[in-house]
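Q: Take me through one part of this model up close, please. I'd like to begin with a turn and then see what surrounds it.

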Amino acid sequence: MGLKRIPLPVQVDLNSGGVHIDVTWQDGRILRYRAFDLRAQCPCAECVDELTGVRKLRPEQVAPEIAAREVGRVGRYALRFQWSDGHNTGIYTYERLLDGYPAEPRG
């Protein structure tokens, strides 16, 4: 059984004041994510109970105008965002960004 090869992001752009996040992947795909969607689905222990997997953060608790202020890489497997509400502990894996969060194809 071989390892699944996940393309790496080659560029991450915060657009519309960070309300949209455009990721250009190594395989040529460009996907646009809404900051609201990513923040509302944050996978960190503050937002999801580690023992039960039950989501603690509800979408109505996230401001509709939430924006990403900064983005950084976590090793070779994930991105981490600094959100306009001060939150920054979520680690968004490349695999989940490609297959688990809503995104709109660009270009």
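How many residues sit between strand 2 and strand 3 in their hairpin, and which residue in the turn has a positive phi?

A: There are 4 residues between strand 2 and strand 3 in the hairpin, and G28 in the turn is the one with a positive phi, about 100°. Bear in mind that this is a predicted model, where local features need pLDDT of at least 70 and side-chain atom pairs count only at pLDDT 80 or more, while totals for chains, interfaces and linings use all residues. Residues are numbered from 1 along each chain as its sequence is written, and side-chain values use heavy atoms, with hydrogens and water left out.

Now the two arms. Strand 3 covers residues 30–34 and pairs with strand 2 in the antiparallel sense over 5 bridges; strands here are DSSP runs of E with at least two residues, helices are runs of H or I with at least four, and both are numbered from the N terminus. To count as paired, two strands need at least two DSSP bridges between them. One link in the hairpin is I21, whose bridge partner in strand 3 is Y33. I21 also looks the other way, as the bridge partner of L14. On that side, strand 2 (residues 20–25) runs antiparallel to strand 1, joined by 6 bridges. Strand 3, for its part, has 3 antiparallel bridges to strand 7, with L31 partnered by P105.

Put together, that's an open, antiparallel sheet of 4 strands in the order 1-2-3-7. Strand 1 (9–15) and strand 7 (104–106) are the edges, each pairing on one side only.

The hairpin also feeds the inside of the model. I21 and Y33 turn up again, with L38 and W83, as the residues touching the most other members of the 26-residue largest nonpolar core. Such a core is a set of buried Ala, Val, Leu, Ile, Met, Phe, Trp, Tyr and Cys residues joined through side-chain atoms within 4.5 Å; buried means under 20% relative accessible area, exposed over 50%, and partly exposed in between (1.4 Å probe, protein chains only). Both hairpin strands give two or more residues to this core, as do helix 1, strand 5 (78–83) and helix 2 (94–99). The largest share, 4 residues, is from helix 1. L38 has contacts (heavy atoms within 4.5 Å) that include I21, Y33, W83 and Y92, leaving out residues up to four places away in sequence.

Strand 2 has an aromatic link as well. W25 in strand 2 and Y94 in helix 2 are 69 residues apart in sequence, so their pairing ties distant parts of the chain together. Their ring centres are 5.9 Å apart and the planes meet at 80°, so this is an edge-to-face pair. The rule: rings of Phe, Tyr and Trp (its six-membered ring) pair if their centres lie within 6.5 Å, with planes under 30 degrees apart called stacked, over 60 edge-to-face and the rest tilted. Both W25 and Y94 are buried. W83 and Y92 make another edge-to-face pair, at 6.3 Å centre to centre and 75° between planes. W83 is buried at 2% relative accessibility, and Y92 is buried at 0%. These two belong to one aromatic cluster with F81 and Y101.
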